[in-house]
Amino acid sequence: MSDLVQWSGNLLYTSFILYLIATLLFGGAILPKKNGQKQGVNRWGKLGITITVLGFIAQLGYFFTRWAAAGHAPVSNLFEFITFFSMMLVGAFIIIYFLYKLPVLGVFALPVALVTIAYASMFPREVSPLIPALQSHWLSIHVTTVAAGEGILAISFIAGLIYLVKTIDQSKKSKQTFWLEAIMYGLIAVIGFVVITTSFRLAGYEAEFNYVNKEGQAASETFTLPAIVGPNEGELLTENRFEPIAEMPAFINAKKLNTVIWSLATGFVLYWLIRLLSRKRVGALVQPLVKNVNKDLMDEVSYRAVLIGFPVFTLGGLIFAMIWAQIAWTRFWGWDPKEVWALITWLFYAAFLHLRLSRGWHGEKSAWLAVVGFVIIMFNLVAVNLVIAGLHSYA
Amino acid sequence: MGKVKCECGHVNPHGTVLCESCGRALTEEAKKEKFHDMRYEGSARRSQTYNKTIVDKVWNFFSSVKVGVWLIVLTLIASSLGTIFPQEFYIPNNVTADTYYEDTYGIAGKIYYMLGFHDLYNSIWFIALVASIGVSLVICSLDRVIPLHRALKNQRVARHTTFMKKQRLFASREGTIEPQEIGKVKESLKESRYHIREEDGSLLAEKGRFSRWGPYVNHIGLIIFLIGAMLRSVEGMYVDELLWIREGETLEIPGTDGEYYLKNEQFIMENYDKEKDSEVFSEAIEENGVIAKNYQTDAILYRDENRDLPGAEPELVEVKKEDIRVNEPMKFDQFALYQNGFSQNEMKAMEFMLTNKETQEAVGAVKIDLFNPKDVYDLGNGYKVELLGYYPDYDGIGKDGEPKTKSPVPNNPAFLFNLVSPEHPDGEVAFTAIRQTMEPMGETDYKMEFSNIETRDISALTVRKDLTLWILALGGTIFMIGVIQGSFWAHRRLWIRQVDGKVYVAAHTNKNWHGLQRELDSIIEHTSIPSPEDQQASEQSGKEKN
Ligand code: HEM
């Protein structure tokens, strides 16, 4: 691998560390002050945002050095795209921070960015050349704008999440506490994915299967996690490896499903460990962090982020996407699953805006909508790529 | 219809809630509400005024945002259903939908197919759903934009105190304000780019009114886009053809009415090479095996100059020579030719040696063009090869004892030869197919020995004309302008009034109340004018009934 790629990797690593430090600094910024000082931007907050900006610059460095090495914008596989998304998330956070000066946003936004980077680095990281369909400037224009829009919309999710953590009554069990825990579990499951993938990778686990694929042809696949579910008519070739408990039909990608199962299970264990150790719901555990938050302001931040993110997303995810599709695939719209899910995301946020503007869905309802919007974005980013294979599936 | 005259003297259209001019409440309901519903300035909207005839009812239905949101949500859910299994146009060509879904996805697939979800986006109900969004867009916009425009145009500077009190941001105090204080505030308001209007001691500062038109502009954009999408089905607006063209071939380009011809000079396919391409890719190439780099058709475009002369042979004049690649279509007139697919190594010609079996001596070579075989190949000196039968896609011997061909495409050519030599002036019959020879009329002295094969590639080009693109682009652009206009700016107003020894201050914005409050705080700070407070803080704002 060339020096440039090496450098680029180091820069990404640096940004990861800086975001981690910045998270702690923002944490310091929102601690209750002894002298009753009003919550606002203090030394910790200033330091936090400075480190965040440095981290962002480092990540930009990663992006451009990798671009220089590959000769094309590094947004062409899952690792590159998700990493870029995390960068846009931090960028959007920085913009919103300068608009509203709220350190608490950093306490939630940066960990999400960290988890995203960690998640991205679980995918193959080699620099790959572009297949003919991707050899277009519209690739970078389209993908970067989409990611920017999604990054801004993610801030709306984070503000909404803070709103919910702040306002949901943790003294009793309710529908709200259940769904809030579901979100927390979702975030923890991503960490579970990182943990379990890394563990088995370090242990060097590999199990090779011969199987029959969707087209009815013989194929082989190497599992890097013990196969709880195995491929269609799979035959385990490697010795001393776990035999699958269940066999999947041909149209399901067993390897990916297996990874999902492992991540959810690991997440489950982690989640309950946290709950048992703290003897609290995760929502209740993080609630002290948002004690000083002005919830109306959070509501506005969440809405503002949608107002900024929606046009950007429309431009990147629909308009630029259509222009490129017209050039690369001869038609601007082809009802490919990824396209459809971009449309769904767009329709969802349109509904969000109408509900808010015309039907008075403010506060908690609006916060839940922001959460659902983010879930749709993540679904498109992860599930559609992994499960529903279309033209866009990177893998 | 009866107009409503306000106490202030302004005549309002029937159905007005808040006087366009002074803001006084005109209905009992509005008089009672704690905060005025300012969304459309309390203007007279048709949907809120009439509800008698069928037209009224349809109008009211489509004008409702509640209905609009339902339509959007239903479209969203419907769209997602279409992604559960691949749509019909993505399943392999060699299978039919009625068996494919069940075979591949089992019972779920069968149900999916039976419900028609395999072609969901072309179904009538889906198109109807999208069309109703279009109708709703038109009606809801008309219902609001005209009255809103009227109300904003007619607004007076001095608003009635009841109107001011019922604004979310409001403050009042006893006393008066020094003129120089007002002057200071006016200065800072101007610095923040407010337009200021004054009328006997009252002040109205306003900015960003144009952002109120944002939603209507973006809805117009959407409508234009939808119209554009519909026009594709109009004859002549849209051409979608596939042209399979072999290397060396010149064919008429379908969809151009015989005006244009294309020659495929050669088709090129390249893969990335570990040695030749940048070394950063070597790892990826090793991982993935083959990675495609380029699909390209070197093409020449011709125009038929004789097109208008009935019955004349085409006279082709070269228009241009271009390489068509993925992402780089060839454009001419209103057409574009896209590299879409290919098929490699189709057999073009086969070469045989007429050979004497005993001496192994070759008498001569025969090259058979598989697309245009000759009946007789004369080798001279009394040697001749007659082609009795040609089976381009040989599929075994039929029941009648005749060889069969599956298609006219030379996938598996076979020949029935009559080999004429000085020894056998009447010829010997031999049947030759790939890896197979037969001598149906008995042992022969000569044979056709395979010596060479010529292949060529076929390129698949999509021929596209789409005259709706500019409409779509226009719609998209207008939409973007509208959304940006509506979401990056906000309409902010500040009213200051002094009546009967009291100072009243009220402010309104259509979004971002914190932003407005912070701006006003900084403008009004250090003056004797009271800074408006949020009277509603965390209360939910009123819902629109319809
Ligand atoms: C996919 C379709 C649609 C999109 C993308 C869309 C987009 C938008 C956007 C971006 C806004 C501005 C929202 C804001 O500033 O917070 C808006 C406002 C609005 N839309 Fe739509 N819209 C769509 C369909 C509809 C439909 C079907 C209706 C019919 C009832 C409708 C009625 C309205 C109304 C009444 C407003 C508010 C105007 C105002 O209060 O000033 N929209 N729309």
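**Exercise 1. Domains of chain B**

Task: State which domains the assignment gives for chain B of this predicted model, and how far apart the C-alpha centres of domain 1 and domain 4 lie.

Solution.
- Step 1. Domain 1 of chain B covers 1-34, domain 2 covers 45-153 and domain 5 covers 349-455.
- Step 2. Domain 3 is written in two segments, 157-208 + 490-545, and domain 4 likewise as 238-345 + 459-467.
- Step 3. Between the C-alpha centres of domain 1 and domain 4 of chain B the distance is 68 Å.

**Exercise 2. Record annotations and secondary structure**

Task: Set the UniProt annotations of chain B beside the computed helix and strand content of the spans they cover.

Solution.
- Step 1. The unreviewed UniProt entry annotates "domain: ResB-like" at residues 65-420 and 441-521 of chain B.
- Step 2. Residues 65-420 of chain B are 31% helix and 35% strand, with end C-alpha atoms 87 Å apart.
- Step 3. For residues 441-521 of chain B the content is 36% helix and 46% strand, and the end C-alpha atoms are separated by 108 Å.
- Step 4. The feature "transmembrane region", also from an unreviewed UniProt entry, is placed at residues 67-85, 124-146, 213-231 and 467-490 of chain B.
- Step 5. One of these spans, residues 67-85, is 79% helix and 0% strand, and its end C-alpha atoms are 29 Å apart.
- Step 6. Another, residues 213-231, is 95% helix and 0% strand, with 27 Å between the end C-alpha atoms.

Task: Do the same for the segment 76-199 of chain A.

Solution.
- Step 1. In UniProt (unreviewed entry), "domain: Cytochrome c assembly protein" covers residues 76-199 and 289-392 of chain A.
- Step 2. Residues 76-199 of chain A are 78% helix and 0% strand, and 27 Å separates the end C-alpha atoms.

**Exercise 3. The iron site**

Task: Which residues coordinate the iron atom of the ligand, and why is the arrangement octahedral?

Solution.
- Step 1. The protein donors are NE2 of A:His354 and NE2 of B:His219, at 1.8 to 2.1 Å from the iron atom.
- Step 2. Six donor atoms surround the iron atom, and the angles they subtend run from 83 to 178°; the arrangement is therefore octahedral.
- Step 3. A:His354 belongs to helix α10 (residues 337-359) of chain A and B:His219 to helix α9 (residues 214-231) of chain B, so the pair joins two chains.
- Step 4. B:His219 has a relative accessible area of 11% and is therefore buried, being under the 20% limit.
- Step 5. A:His354 has 25% relative accessibility and so counts as partly exposed.

**Exercise 4. The interface between chains A and B**

Task: Describe the interface by contacts and by buried area.

Solution.
- Step 1. In chain A, 65 residues are in contact with 66 residues of chain B.
- Step 2. The size of an interface is often expressed as the accessible area lost when the parts come together.
- Step 3. Here chain A and chain B bury about 5,600 Å² between them, and carbon and sulfur atoms give 64% of this area.
- Step 4. Of the area that chain A buries against chain B, 13% comes from A:Pro129, A:Trp335 and A:Arg359, more than any other three residues supply.

**Exercise 5. Two residues and their contacts**

Task: Is A:Leu343 buried or exposed, and which residues does it contact beyond four places in sequence?

Solution.
- Step 1. A:Leu343 lies in helix α10 of chain A.
- Step 2. Its relative accessibility is 15%, so A:Leu343 counts as buried.
- Step 3. Outside its sequence neighbours within four places, A:Leu343 is in contact with A:Leu318, A:Trp333, A:Trp335 and B:Ser79.

Task: Characterise B:Met164 in the same terms.

Solution.
- Step 1. B:Met164 sits in helix α7 (residues 161-165) of chain B.
- Step 2. With a relative accessible area of 0%, B:Met164 is buried.
- Step 3. Apart from residues up to four places away in sequence, B:Met164 touches B:Arg159, B:Phe170, B:Trp495, B:Ile496, B:Arg497, B:Tyr504, B:Val505 and B:Ala506.
- Step 4. B:Gly23 is 141 residues from B:Met164 in sequence, yet the C-alpha atoms of the two are 8.3 Å apart.

**Exercise 6. Positive phi**

Task: Locate A:Lys101 and B:Gln360, and give the phi of each.

Solution.
- Step 1. Most residues other than glycine have a negative phi.
- Step 2. A:Lys101 is not a glycine but has a positive phi of about 50°; its place is the loop between α3 (78-100) and α4 (103-120) of chain A.
- Step 3. B:Gln360, also not a glycine, has a positive phi of about 60° and lies in the loop between β12 (335-356) and β13 (361-369) of chain B.
- Step 4. A:Lys101 counts as partly exposed at 37% relative accessibility, and B:Gln360 as exposed at 53%.

How values were computed
Residues numbered from 1 in each chain as written. Chains lettered and ligands numbered in written order. Predicted model: local features only at pLDDT ≥ 70, side-chain atom pairs only at ≥ 80, totals over all residues. Heavy atoms only, no water. Donors = N, O, S within 2.8 Å, 3.2 Å for Na, K, Ca; no water. Tetrahedral: all angles 85-135°; square planar, octahedral: opposite > 155°, others 65-115°. Helix = DSSP H or I, 4+ residues; strand = E, 2+ residues; numbered from the N terminus. Buried < 20%, exposed > 50% of the residue type's maximum accessible area, 1.4 Å probe, protein only. UniProt positions renumbered as here; feature names shortened; annotations may be inferred. Domains from an automatic or database assignment. Contact = heavy atoms within 4.5 Å. Buried area = accessible area lost by both parts, 1.4 Å probe.
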